[in-house]
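Q: I'd like a close look at one helix and whatever packs around it. Could you walk me through its contacts and then out into the rest of the fold?

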Amino acid sequence: MKTALITGITGQDGAYLSEFLLDKNYRVIGLQQPSATPNTQNIDHLIGTDYFETVVCDITDSNAIFRILKNINPDEIYNLAGQSHVGLSFDLPDYTAQVNAIGTVRLLEAIRILDLKNTRFYQASTSEIFGNADHSPQNEDTPLNPASPYAAAKAYAHHMVKIYRESYGLHASCGILFNHESPIRGAEFVTRKITKAVVKIHKGDQKNLALGNLGAIRDWGHARDYVRGMWMMLQQDIADDYVLATGEQHSVRDFVIQAFKHVDINIIFEDDGLDEIGINSKTGKKIVTVSPEFYRPNDVHSLCGDATKAENILKWKPEISFSELIKDMMDAEINA
Ligand code: NAP
Ligand code: GDD
C-alpha cells in the first residue's frame with residue numbers, strides 16, 4: 001500500500017485528492033493547520049475511516065515538517081497548503097511568502113536532507129504565475145510574469161522545485177493549474193460567492209450581490225478533474241511540469257448570468273465600470289452591483305490554458321464542462 005502525504009488537507013483540493021487516493025487504495029495522511037476550532041468540514045466524512053488520518057502541522061514550522069517526514073517517509077507528497085487568496089495576498093505579503101514560497105522550500109529541504117530517495121513531490125503551482133501574459137493560451141513555456149504577492153511567492157516555489165529537480169535529482173513536479181472550482185470551493189472565491197448569493201437572492205434572503213472586476217476572464221474547470229491530473233503527474237517515470245486547463249474562457253459576468261439561469265432569473269447588465277449593474281429582466285430590480293471593495297490593486301484580466309502537454313504525455317483531459325460545473329455548484333447550493 002502506498003502512503004501519500006497531503007498538505008492543505010482541509011482545502012478544496014485536499015478533500016477531493018484524499019477521496020481520489022483512498023479509492024486507489026492509498027493510505028492518506030493529511031497535514032492540518034493548528035487551530036483551536038479546526039476547520040474540517042470538507043473532510044469530516046473521511047475522518048475516522050480506514051487509511052485516513054490527519055496530523056497537525058503548520059507549513060511554516062520546519063522542525064515539525066522534518067519530524068513528520070522522517071516518521072512517515074511517504075511515497076508521494078502533494079503540497080497543496082497555501083494562502084490561496086490572491087486579493088488577500090496584497091494585505092499579507094509576508095505571510096503569503098512564508099506559506100507559499102518558503103513552505104515549499106521547507107518540504108524540498110526535508111526530502112533532500114533526510115535523503116527520502118523514493119518520495120515523489122507534487123507542487124501546487126498556478127496559472128497566476130503568468131500574470132497578464134503577452135500571448136494566449138499559456139503553456140509550460142510561457143514566461144512568468146506574476147502580478148500579485150501570491151503569484152510572486154508561487155513563482156519562487158515553482159523555480160525552486162525545478163532547481164531541486166535539476167540539482168539533486170528529486171522527483172518533483174509542478175502542476176500549473178488554472179482555476180478549478182466545486183461545491184466546496186472557499187466562499188471567498190468569486191464562483192462560490194456568486195452561487196451562494198444567487199440562491200439567497202432567489203429565496204429573498206439577500207437583496208443584491210456586490211462584485212469587483214466583472215470583466216475578468218478565467219479558464220474554469222472542476223476540481224475533481226484536476227486532482228486526477230496531480231496524481232497522474234507523480235506516476236510518470238520522469239518528473240516534469242504540466243499545465244492543467246480546459247482551454248475555454250468565461251468572464252465573471254458570464255458566470256453570474258449562467259448561475260442566475262439555474263433559478264430561472266434572466267439578468268441584464270447595463271452601464272460599465274463601477275456603475276455597472278445587473279437587473280432582473282422580469283422584476284426590474286437591481287440584483288448585481290459593482291463595489292471598489294472587491295477590486296485588487298492589480299488584477300490578472302485574462303487567463304487561458306493550453307494543456308496539450310498533459311493531454312499527450314499524461315493522457316489527461318478535463319471531463320466536466322463549464323455548464324456541468326455551474327450545475328454541480330448550483331445544485332449543491334440549492335440543496336444545502
Ligand atoms: P484552499 O481551499 O484555500 O486550501 C488551502 C489549504 O492550505 C487549506 O487546507 C488551508 O488550511 C491550508 N493552509 C493555509 N495556510 C497554511 C499553513 N500556514 N500551514 C498549513 N496549511 C495551511 O485552496 P485549494 O483551492 O484547495 O488549492 C490548493 C492549492 O493549490 C493552494 O496552494 C492554491 O494556492 C493552489 N491552486 C489552486 C487553484 C484553484 O483554482 N483552486 C489553482 C492553482 C493553484 P485551512 O483550511 O485551515 O485554512
Ligand atoms: N474573489 C473575488 N471576489 N474575485 C472577484 C470578485 C469578488 O467579489 N469580483 C470580481 N472578481 C474577480 C477577481 O478580481 C479575479 O479577476 C477573478 O474574479 C477570479 O477571482 P478568484 O475567484 O478570487 O480567483 P483568482 O483567479 O484570483 O485565484 C484563484 O485561481 C488561481 C489560479 O488561477 C485561486 O484559487 C488561486 O489560489 C489560484 O492560484
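A: What follows starts from one helix and works outwards.

First, some ground rules: this is a predicted model, where local features need pLDDT of at least 70, side-chain atom pairs count only at pLDDT 80 or more, and totals for chains, interfaces and linings use all residues. Residues are numbered from 1 along each chain as its sequence is written, chains are lettered from A and ligands numbered from 1 in the order in which they are written, and side-chain values use heavy atoms, with hydrogens and water left out.

The part to zoom in on is helix 6, residues 190–203. Helices (H or I, at least four residues) and strands (E, at least two) are DSSP runs numbered from the N terminus. One of its partners is helix 8 (residues 252–261): the two axes come within 10 Å and cross at roughly 35°. Those axes are lines fitted to C-alpha atoms, for helices over the stretch in contact, and angles run from 0 to 180 degrees between N-to-C directions. The crossing of helix 6 and helix 8 is right-handed, with the near helix turned clockwise from the far one by less than a right angle (anticlockwise would make it left-handed). As for who touches whom, helix 6 brings Val 190, Thr 191, Ile 194, Thr 195, Val 198 and Ile 201, and helix 8 answers with Val 252, Phe 255, Val 256, Ala 259 and Phe 260. Contact here means heavy atoms within 4.5 Å. Sorted by type, the residues of this helix 6 and helix 8 contact come out as nine nonpolar, two polar and no charged. The nonpolar set is Ala, Val, Leu, Ile, Met, Phe, Trp, Tyr, Cys and Pro, the charged set is Asp, Glu, Lys and Arg, and the others, Gly among them, are polar.

Helix 10 (residues 322–335) also packs against helix 6, at about 45° with the axes 9 Å apart. Helix 6 and helix 10 are therefore oblique to each other; under 35 degrees would be roughly parallel, over 145 roughly antiparallel, 65 to 115 roughly perpendicular, and the rest is oblique. The crossing of helix 6 and helix 10 is right-handed. The contact uses Thr 191, Arg 192, Thr 195, Lys 196, Val 198 and Val 199 from helix 6, with Met 329, Met 330, Glu 333 and Ile 334 from helix 10. In this contact of helix 6 with helix 10, the split is five nonpolar, two polar and three charged.

Two single residues fill in the picture. Arg 185 sits in the loop between strand 7 (180–181) and helix 6. Arg 185 counts as buried because its relative accessible area is 14%; buried is under 20%, exposed over 50% and partly exposed in between, using a 1.4 Å probe and protein chains only. Neighbours within four places in sequence aside, Arg 185 is in contact with Gln 12, His 180, Thr 191, Arg 192 and Met 329. The other is Ile 326 in helix 10, buried at 2% relative accessibility. With the same within-four-places neighbours set aside, Ile 326 is in contact with Phe 255, Gln 258, Ala 259 and His 262.

Now the sheet beside these helices. Four strands form an open sheet in the order 8-15-14-13, with mixed pairing; two strands pair if DSSP finds at least two bridges between them. Strand 8 (209–211) and strand 13 (267–270) are the edges, each pairing on one side only. Neighbouring strands in this sheet are turned by 20° against each other on average, direction ignored. Strand 14 (residues 277–280) and strand 15 (residues 286–290) pair in the antiparallel sense over two bridges, with Lys 286 as the bridge partner of Ile 279. Helix 6 itself lies across strand 8 and strand 15, running at about 160° to strand 8. Helix 8 packs on this sheet too: it touches strand 8, strand 13 and strand 15, and its direction makes about 155° with that of strand 13.

Further out, there's another open sheet, with seven strands in the order 3-2-1-4-5-6-11 and parallel pairing. Strand 3 (52–56) and strand 11 (242–244) each have a single partner strand, so one side of each is left without a neighbour in the sheet.
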